[in-house]
Every structure is written in structure tokens, then in C-alpha cells.
Amino acid sequence: MPKKLKIAVVGATGMVGRKMLEILAERQIPIGELIPYASARSAGSKINYLGKDYTVVELTEKNIIDRKIDYALFSAGGSTSRDFAPVFAKHGVVVIDNSSHWRMDSTVPLIVPEVNSRDIKKHNNIIANPNCSTIQAVVAIAPLHKKFGIKRIVYSTYQAVSGAGVAGHTDLQNGINGLPPQKFSRPIFDNLIPQIDTFLDSGYTKEEQKMIDETRKILNNYKIRITATTVRVPVSNGHSESINVEFNKPATLDEVLACLENAEGIILKADQNDFPTPLEVSGKDGVFVGRVRMDDSVKSGINLWVVADNIRKGAATNAVQILETMTKRGKRNS
């Protein structure tokens, strides 16, 4: 009988927080006690988990001390993670954080379990969940990097409005009804917006730079040349990515397909007429790969089409998988 865990979900009333609760239930995580945390505005409201109502607790240090929590799953924004992840960590809680705040901290492992679960042991009670677009990309390319060595990556993403939370969904619905956008810089209905997050001095957006930096950190290779263009599209849920990869070693199409077919977490669509789309992968946890073909413009390269549910595998499921990996290995505080 596995040990029953005391689990906190910080941001439990938000889109990803609720999805975390759903996936904890689906994957039958042995929870002895659940503590849902949120802001003062949501404190006192009820969250139902497996038929039982739990009262949402206001996120304050006073409400953390002495609760003997094992793990805290965070999805409440960067400033909340900045302020409260160290508080939980100080009191012996292992934090699995979905915000961008800790991802590039050299003392915090950035984990996609299918790719670099070995790095979990480096944690100091804080573990970072990568960006949604990065997670699905590295699941697809990591086995190829291991076999052939990656020299260069070109990312082009087509990201659903759910990646911007409830406000993104609202903008799409409002656009359908002829109302102006509130979240995005342009109307998203019947449109594409080649801007996700703010622009940097380089001309890249923060989202694009996140993909570049996080890929290098997860693969533990800072020599890979990477460029990215991230685009918001009028799709409710599910991110799609066109990924162009140049290898260091020679590779044939058959070798690439065999590598992908045997890789953890990948659902390969080898038939070119059976490519994945956001609609069909929504609600699923795998990373779907199709349209695999050689890139004859370079000595050794391929093109991939990669699709995943950004709220599940791109956020909540990946966090729960980290939790599963830790509990199975007994590495809570090692």
C-alpha cells in the first residue's frame, strides 16, 4: 500500500489548477489530505475532489506552517511562485512549479520526465515545470538528439488561446461575437497573432526566448543553435509545432521513424495522411508526432509536426508526472 500523501495545490481555482486536480484523480495519486490554496478572493470557496468538498485556503505563510505537506503543485503565476515557493521549501515541502519564475535558475531542475528525470535529484525542494510549448517539443526531439546529435533547431509554433488562460478563451469568444480583444494585442478570431508575451530588445518575444533557453537546459546542451517564431492561433486548445532539426550525424527516414516509434511519451503517426491535429489530441496526455520527412536542404535534417494538449501534457500532466516520478523513486527530500 503506497504512502498517502499530503498534497497542496496552489492556484487550485484556476484553469491549470483544476486540471491538476483532475489528473491527480485520473492517475490515482494516493492522497491522504488535499489542501487547495488560492488568493484571499477565492478563500472559503469549495473545491470538489473525488466526491468530497474541500475548503480553499488563503495562501499565507501562517496557513503553510506546521501542516506537514509533502508536495505542493503550483500554478498561480510567477510572482506567487517567487514569493511562496521558498516558503513551502523552507518548511520541507517539495514544490513543483508551473510558472516561468524558477525555470532558468541554475539551482532548480527543469524537468520533463520522459527526457531528463535523472535531474530531479538535484532539487532543493523546488522543481520547475517547463513552458507548454517547450515540453512537447523536447519530448519529440530528445530521443533524436540522443541518437543523432542535434546541431540546429527551427521552431514555428501555432498556439491555442487556452495557453493564455480564461482571458484567451474569452477573447476568442468575444471576437466571434464581434467584440474587441481584451487580452491579446489584436483580434484573435479569424486571425493569427505572431506575438506571444512581450517583445525583447532582440526582436524575439519572451515565449520564443523561453523555448530557446529551456530546450538547451533540459537537453543539457548549450551549443545547439535554436531559433523560434511563436504564433497565437484561433484554436481553443492544443498547441501545434513545426520543428525543423539539423543533425550532427547522418540519419535516414527509417532510422528517424524507428527512433520516434520507440520513444516514451510519443504517439507516432507514420502514415503521412494520418497527421495529428489539435482537435483530436485535446484531452489526451501524449505528444503526437506526424508529417515526418527529410529536409534535403541540409546534409542531415528532418521536419516534424508535433501536437499536444497544452493544458494537460503542457502543464498539469507534466507536473503530476514529476510527482509520480519522485514518489516512485522515494526521492522526496534527496
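Q: Before anything else, what counts as a strand here?
A: A strand is a DSSP run of E with at least two residues, and strands are numbered from the N terminus. The model itself is a predicted one.

Q: Fine. Where is W305, then?
A: W305 sits in strand β14, which covers residues 301-308.

Q: Buried or exposed?
A: Neither; W305 is partly exposed, because its relative accessible area is 22% and buried would need under 20%.

Q: What is W305 in contact with, not counting neighbours within four places in sequence?
A: Its contacts are Y158, S240, E241, S242, P276, F288, V289, G290 and R291. V289 turns up again in the largest nonpolar core, as one of the residues that touch the most other members.

Q: How far is W305 from A137 in space?
A: Their C-alpha atoms are 9.7 Å apart, although 168 residues separate W305 and A137 in sequence.

Q: A137 is in which helix contact?
A: A137 belongs to the α4 side of the contact with α6, along with S133, T134, V138, I141, A142 and H145. From α6 come E207, K210, M211, E214, T215, I218 and L219.

Q: What's the geometry of α4 and α6?
A: Helix α4 (residues 132-148) and helix α6 (residues 206-219) pack at about 40°, and their axes are 10 Å apart. That angle makes α4 oblique to α6. The crossing is right-handed.

Q: And what classes of residue make up that contact?
A: Seven are nonpolar, four are polar and three are charged.

Q: Back to the core. How many residues are in the largest one, and which touch the most other members?
A: It has 60 residues, and Y37, F88, V289 and L304 touch the most other members.

Q: Which element gives the largest share?
A: Helix α4 does, with nine residues.

Q: What about a second core?
A: There is a separate one of 32 residues, with I7, L24, Y54 and Y71 among them.

Q: Switching to A8. Which strand, and is A8 buried or exposed?
A: A8 lies in strand β1, residues 5-10. A8 is buried, since its relative accessible area is 0%.

Q: Which residues are around A8, leaving out neighbours within four places?
A: A8 is in contact with I35, Y37, I69, Y71, A72, L73 and F88. Of these, Y37 and F88 are named in the largest core, while Y71 is named in the second.

Q: Last one: how far is A8 from N177?
A: The C-alpha atoms of A8 and N177 are separated by 39 Å, with the two residues 169 apart along the chain.

Definitions and conventions:
Residues are numbered from 1 along each chain as its sequence is written. This is a predicted model: local features need pLDDT of at least 70, side-chain atom pairs count only at pLDDT 80 or more; totals for chains, interfaces and linings use all residues. Side-chain values use heavy atoms; hydrogens and water are left out. Axes are lines fitted to C-alpha atoms, for helices over the stretch in contact, and angles run from 0 to 180 degrees between N-to-C directions. Helices (H or I, at least four residues) and strands (E, at least two) are DSSP runs, numbered from the N terminus. Angles under 35 degrees count as roughly parallel, over 145 as roughly antiparallel, 65 to 115 as roughly perpendicular and the rest as oblique. A crossing is left-handed if the near helix is turned anticlockwise from the far one by less than a right angle, and right-handed if clockwise. Contact means heavy atoms within 4.5 Å. Ala, Val, Leu, Ile, Met, Phe, Trp, Tyr, Cys and Pro count as nonpolar, Asp, Glu, Lys and Arg as charged, and the others, Gly among them, as polar. A nonpolar core is a set of buried Ala, Val, Leu, Ile, Met, Phe, Trp, Tyr and Cys residues joined through side-chain atoms within 4.5 Å. Buried means under 20% relative accessible area, exposed over 50%, partly exposed in between (1.4 Å probe, protein chains only).
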